[in-house]
Amino acid sequence: MDADVIVVGAGPVGLLLAAELRLAGAEPLVLERLAEPSPLRRSRGIGPLAAEALRRRGLGGRLQAHQPERGAQKAREHGSEKDHFAWIHKIDPLLQEEPDRRGVLIWQPDLEAVLGEHAAALGVSVRRGHTVTGLSPDEDGVTVTVATGAGERRLRAAFVVGCDGGRSTVRKLAGFAFPGTPPLMTARQAHAEPADPGALPPPGRLPGGMLLHGPGGIGTFDFADVHERHEGPVTAEELRASVRRVAGVDVTFTRMGDALRFTDQARQAATYRLGRVLLAGDAAHVHSPNGGQGLNLGLTDAVNLGWKLAAEVNGTAPEGLLDTYTAERHPVGEAVLRNTRAQSALMLPGPHTDALRDIVADLMDIPDVNRYFGRLLSGLGTRYAFPYAMPEAHPLIGTHCPDVVLSPAEEPGREVPLSRLTTGGRPVLFAPAGGRAVTAAAAWRDRVEVVEVTAVDHPALGGALIRPDGAIAWACGPDGGTALLEAALRTWFGAPPQVTAAPSRAAGASHLR
């Protein structure tokens, strides 16, 4: 075996997945076809769940170093400090249930650099200039055929994960079904200077689509150009033709760079796992980038999968653990495809859509509706359906835990953010000092970090079991009850060690530690 897991793709999702695998005790190998990281600014930020996932690994300071003053930056780029749904800028951050849980503005190349440094510090190996050309799964592992500058070679691992984007080679070679809907439009964006800025109409919806422009940048949503696939880089003439179709004016550009093209086709793999081959990020789902949800979705795929796949590799996974990756993440991806399709429909040119937009805009003035759209785009409404969570269970079970502040019993008077306790990637149980939950979890201390607390700065939480991906596996109120705690511990981390044989590594896994 050359690795426990071969991760194909060294974008943000692949790098984070590899780091999560390494933290959980598996040996990943990342293969990337590009010789150098892409400088293209494909994404401008990540949502709150992805930002919290990175803070749990101690990356908050590095993210903050790239963070501009958020409101002013959004106003410059979008004309409003509020978030938008289909470019209706009415989602008010101050109206949301948890206004402090926010995303981070960071260009994708900067994010890749942060995650690359994080993975390298953990000892993750990234091999660039390696193009995957073949996959051969069998009962014991997967053989990967790779083309390099030195010729073709074969590598072997227990599992392969495709994090190689919307045109994923892994997805195609492994035979994943990828159903969905074709595009309604093609969008283009560039850092560009028109020769005559005054010739452009004001930004907004126009008969041919939508035009966005401001200092140093221009973008079009072109509903007259619905090709499913475009080849080659965006040229100044292509952008000029799109502006002409959308806005009815002819402009030339004195400068153009960072030009990108994308469509709103929406497709999702029917499953995220076929045997020993899995998908994450855009390899598993593609959709319009409206609402900026793509990286948030992909990075939370990675943190959900990493610890589960490592447990499978190491032979410590409870039965069915790896299958919960698709069970939990597929509905989340499906929800994003649904809301991005809705946004495309609300952007279609024409008087019928104009009328619908007016009604949606009026509805967004209602605070509860405003919060609905906020939850939709942030992902904060995500709740996994756990098999042991009965209707009367704590309402936060299955949601993602915010970065609550704890008062550890062993450090009276000190307040510690939960993210300070999760940098090593282990699950964390915090519960009232000396209480029943601490006693009940004693048998799992070899695999769960147990923290006795005297206070939690969350009105609904007296204690909680936090999975490595931040999901709340169990919770209790201030009374410190233990209902469902043992079921949660067994479901995610197996039987306590005194009643099980010593774990053995999964078939096909290497012994590289």
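Here are three short exercises, with worked solutions, on the predicted model shown above.

**Exercise 1. Overall form**

Work out how the radius of gyration of the protein chain relates to that of a compact globule.

*Solution.* Start with the length: the chain has 513 residues, so a compact globule would have a radius of gyration near 24 Å. Next, take the value for this chain, which is 24 Å and agrees with that expectation. For the outline, place the C-alpha atoms in a box along the principal axes; they fill roughly 75 × 60 × 35 Å. Finally, look inside: 53% of the residues count as buried.

**Exercise 2. Folding pattern and surface**

Find how many helices and strands the chain has, then see what its contacts and surface look like.

*Solution.* Begin by counting elements: there are 13 helices and 26 strands. Then turn to contacts between residues at least 6 apart in sequence; 70% of these join residues at least 24 apart. Now move outward. The accessible surface comes to about 21300 Å², and carbon and sulfur atoms account for 54% of it. Last, check the charges: 53 side chains are positive and 58 negative, with the centres of the two sets 3 Å apart.

**Exercise 3. Inside the cores**

Trace the largest nonpolar core, and find which helix gives the largest share of it.

*Solution.* This core holds 65 residues, and among those touching the most other members are Ile46, Leu111 and Leu299. Helix α8 (residues 294-314) gives the largest share, eight residues. A second, separate core has 44 residues, including Leu297 and Val438. Now follow Leu299: beyond its neighbours within four places in sequence, its contacts include Pro12, Leu16, Ile46 and Leu111.

Terms used
Residues numbered from 1 in each chain as written. Predicted model: local features only at pLDDT ≥ 70, side-chain atom pairs only at ≥ 80, totals over all residues. Heavy atoms only, no water. Core = buried A, V, L, I, M, F, W, Y, C linked by side-chain atoms within 4.5 Å. Buried < 20%, exposed > 50% of the residue type's maximum accessible area, 1.4 Å probe, protein only. Helix = DSSP H or I, 4+ residues; strand = E, 2+ residues; numbered from the N terminus. Contact = heavy atoms within 4.5 Å. Rg over C-alpha atoms; globule rule 2.2 N^0.38 Å. Areas by Shrake-Rupley, 256 points an atom, 1.4 Å probe, with all protein chains shown as cover. Lys, Arg positive; Asp, Glu negative; His and termini not counted. Charge placed at Lys NZ, Arg CZ, Asp CG, Glu CD.
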